[in-house]
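Me: I would like to go through this structure step by step. Could you show it, please?
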Amino acid sequence: MNEPKWRKSLAETYQKHHQMLYRIAFAYLKNAADSEDVVHDCFMKLLHEPRAFKSQEHEKAWLIVVAGNLAKDKLKESSRKNLDLDALSNYLVYKSDGDDYRDFLKLILTLPERLILPVYLYYYEGYKTAEIARILRLKPSTLRNQLRDARQILRIKLEAENE
């Protein structure tokens, strides 16, 4: 028996984006179970509230925004418990095996909440600032200021570690 077209499409979308959505959620939540819940909820929302996307990029952008919003909502839950940052290495998918990369990723996760997603999308997903601004519904200048602020915070933290 053939699968319905919508099910095949949803499965392909899941395969294509679930790891990215997990990393976005984990950047906020620092907790594997909650991050998995956010990914699940993203796809449930897509399943129960079908949308017509203009392109695959539009669909990806929508999923990124939904994942970020769901993660922020989960942060507000009073029963939520954070894992220690040392537990990150057990859950995150790294593009490099170097200790410097892992240490830097842990440092990024200590940034203020409003800066984590822009930094992640820019440095780890390779989006251009104009694309990130559009996805996050920010003015491009606001996004550039956020990236500048994040770099400044990271520079100060790195200098403090090296002293």
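**Helix H7 and its surroundings**

Reply: In this predicted model, the residues of H7 that are buried are Leu143, Gln146, Leu147, Asp149, Ala150 and Leu154.

Me: How many residues does H7 have, and how far does it reach?

Reply: H7 covers residues 140-162, which is 23 residues. From its first C-alpha to its last, H7 reaches 33 Å, close to the 33 Å expected at 1.5 Å a residue.

Me: Which helices supply residues to the largest nonpolar core?

Reply: The largest nonpolar core has 44 residues, and Leu21, Ile24, Cys42, Leu111 and Leu121 touch the most other members. At least two residues of this core come from each of H1 (5-29), H2 (32-48), H3 (56-76), H4 (99-108), H5 (113-124), H6 (129-136) and H7.

Me: Which helix gives the most to this core?

Reply: That is H1, with 10 residues.

Me: What is Leu21 in contact with, leaving aside its neighbours within four places in sequence?

Reply: Leu21 is then in contact with Val39, Cys42, Phe43, Leu63, Ile64 and Ala67.

Me: New topic: how many aromatic pairs are found in the whole structure?

Reply: The search finds four aromatic pairs. For Tyr122 and Tyr123, the ring centres are 4.7 Å apart and the planes are at 85°, so this pair is edge-to-face.

Me: Why is that angle called edge-to-face?

Reply: Planes over 60 degrees apart count as edge-to-face, and the planes of Tyr122 and Tyr123 are at 85°.

Me: Are these two tyrosines buried or exposed?

Reply: Tyr122 counts as partly exposed, at 30% relative accessibility. Tyr123 is partly exposed as well, with a relative accessible area of 42%.

Note on methods:
Residues are numbered from 1 along each chain as its sequence is written. This is a predicted model: local features need pLDDT of at least 70, side-chain atom pairs count only at pLDDT 80 or more; totals for chains, interfaces and linings use all residues. Side-chain values use heavy atoms; hydrogens and water are left out. Helices (H or I, at least four residues) and strands (E, at least two) are DSSP runs, numbered from the N terminus. The expected span of a helix is 1.5 Å times one less than its number of residues. Buried means under 20% relative accessible area, exposed over 50%, partly exposed in between (1.4 Å probe, protein chains only). Rings of Phe, Tyr and Trp (its six-membered ring) pair if their centres lie within 6.5 Å; planes under 30 degrees apart count as stacked, over 60 as edge-to-face and the rest as tilted. A nonpolar core is a set of buried Ala, Val, Leu, Ile, Met, Phe, Trp, Tyr and Cys residues joined through side-chain atoms within 4.5 Å. Contact means heavy atoms within 4.5 Å.
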